[in-house]
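Reader: I would like a close look at a single part of this structure, followed outward to whatever surrounds it. Please keep it plain, and say what each term means when it comes up.

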Amino acid sequence: MNTRPNRGRDHRTSCSYCSNLSSTKDHAPPRCLFRHPIGNDAKIVTLPCCAACNVSFSKDESIVKAVLANVSFEPDLMGECTEGGRVDRALRFDKSLKQAISDAYQADGRMNVEPFLDSFERVVRKSVVGVYFGVYGITLPFGSISVISIDHARLVSSEHLFNLLRRSATPDLSVGNWPEVRPNPRRLVKAARHWPEGSEHQLMTPVKWLEIQPGAFRVAFTRGAQNKAICLLEIRNTVLAAVECPWPSNRGPIRRGRKKDPPPFRCDE
């Protein structure tokens with residue numbers, strides 16, 4: 001996985017998230033979403049960033065980390081909410097965030113995450129920028145990434161969600177659509193001529209995951225509709241986020257000393 005920005009826009013001067021000049025560096029996906037200690041097996045991309053984006057993302061990341069720890073069933077994350085844990089210390093330092101987390105709890109003891117979804121969306125989009133660069137060597141414009149859904153992992157399985165997203169790339173006559181479970185063979189063959197290459201077997205192939213940090217953060221890509229890519233992120237076994245972004249084609253990053261290397265993780269084709 002390529003973690004050094006050496007292609008695309010002018011990385012010496014341009015922020016990876018906006019059009020301002022870069023003055024700092026930023027980690028994508030953010031380190032706060034990883035299990036500590038992070039270790040050498042984590043794939044974190046460092047991208048140029050302007051000071052304004054860096055500060056704004058820091059606030060969003062603090063919110064996301066606090067919410068994750070409060071809604072997660074993962075023992076490590078739950079432990080960070082206990083006295084002396086990382087999230088507990090952060091909330092003691094940031095009184096406004098502590099109050100926002102407290103106000104989000106409802107009478108039944110459940111947390112209303114609606115006030116924090118904007119922060120989740122920004123952190124998810126930022127993470128996709130880093131992962132996309134690491135896999136394909138291309139810096140995506142921040143505005144080209146749109147969030148489809150953000151769900152708790154206890155409410156939807158990653159395999160089920162990924163297969164639903166795959167279906168969006170196939171026409172109405174694809175196998176499995178209701179009410180025509182078994183379409184007329186001639187119509188199916190005719191429709192298949194208009195499918196993107198390889199999409200006729202997408203619904204039967206397993207999800208191909210890239211482990212950004214084993215057991216904590218992983219991503220998967222598949223082809224979506226209208227030459228788009230669908231990226232699925234699974235964060236700390238707690239959150240599943242699906243986004244739409246440009247399709248990268250089959251070209252991988254060009255690395256120093258080699259004419260062309262395939263990316264370590266390829267999209268479904």
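**The last strand and its surroundings**

Author: Setting aside the residues within four places of it in sequence, Pro246 is in contact with Tyr132, Leu140, Ser144, Asn227, Lys228 and Ala229, where contact means heavy atoms within 4.5 Å. The model is predicted, so local features need pLDDT of at least 70 and side-chain atom pairs count only at pLDDT 80 or more, while totals for chains, interfaces and linings use all residues. Residues are numbered from 1 along each chain as its sequence is written, and side-chain values use heavy atoms, with hydrogens and water left out.

Pro246 belongs to strand S7; helices (H or I, at least four residues) and strands (E, at least two) are DSSP runs numbered from the N terminus. The relative accessible area of Pro246 is 24%, so Pro246 is partly exposed (buried is under 20%, exposed over 50%, partly exposed in between, with a 1.4 Å probe and protein chains only). From Pro246 to Gln226 the C-alpha distance is 9.4 Å, with their positions 20 residues apart in sequence.

The strand as a whole, residues 239–246, is largely enclosed by the rest of the structure, because six of its eight residues are buried. S7 has two pairing partners to follow here, S6 and S3 (two strands pair if DSSP finds at least two bridges between them). Strand S6, residues 228–235, pairs with S7 in the antiparallel sense over eight bridges. Within that pairing, Ala229 has Cys245 of S7 as its bridge partner. Ala229 is also among the contacts of Pro246. S6 and S7 form a hairpin with three residues between the strands, and there Arg236 takes a positive phi near 55 degrees. S3 also pairs with S7 in the antiparallel sense, over six bridges. Val147, for its part, has Val243 as its bridge partner in S7.

For the wider setting, the protein has seven helices and seven strands, and from the N terminus on its elements run β-β-α-α-α-α-α-β-α-α-β-β-β-β. Of the 269 residues in the protein, 46% are buried. Among contacts with a separation of 6 or more, 63% are between residues 24 or more positions apart.

Next come the nonpolar cores, each a set of buried Ala, Val, Leu, Ile, Met, Phe, Trp, Tyr and Cys residues joined through side-chain atoms within 4.5 Å. The largest has 57 residues, and those with the most contacts inside it are Tyr17 and Leu33. H5 gives the largest share of this core, 10 residues. Apart from it lies another core of 11 residues, including Leu161, Leu165, Ala220 and Ala242.

Leu161 of that second core sits in helix H6, residues 158–167. It counts as buried because its relative accessibility is 9%. Outside its neighbours up to four places away, Leu161 touches Ser149, Asp151, Val156, Leu232 and Leu240. Asp151 is 10 residues from Leu161 along the chain, and their C-alpha atoms are separated by 9.9 Å. In the larger core, Tyr17 touches Asp26, Ala28, Leu47, Cys49, Cys53, Phe57, Lys126, Val129 and Phe142, again not counting residues up to four places away.

S3 leads on to the open space. A pocket is an open set of points on a 1 Å grid over the protein atoms alone, where a 1.4 Å probe fits, with protein on both sides within 12 Å along at least five of seven lines; lining residues have an atom within 4 Å of a point. The largest pocket holds about 580 Å³, a volume being the space filled by probe spheres set on points joined across faces, edges and corners. Its lining has 21 residues, and Val71, Met111, Val113, His152 and Leu155 are the closest to its centre. Helix H1 (51–71), helix H5 (117–136) and strand S3 (146–152) each supply at least two lining residues, with H1 giving the largest share, four residues. By type, this lining divides into 12 nonpolar, five polar and four charged residues (Ala, Val, Leu, Ile, Met, Phe, Trp, Tyr, Cys and Pro are nonpolar, Asp, Glu, Lys and Arg charged, the others, Gly among them, polar).

The second largest pocket holds about 310 Å³. It is lined by 18 residues, and Cys32, Ser58, Glu61, Ser62 and Lys65 lie nearest its centre. H1 again gives the largest share of the lining, here seven residues.
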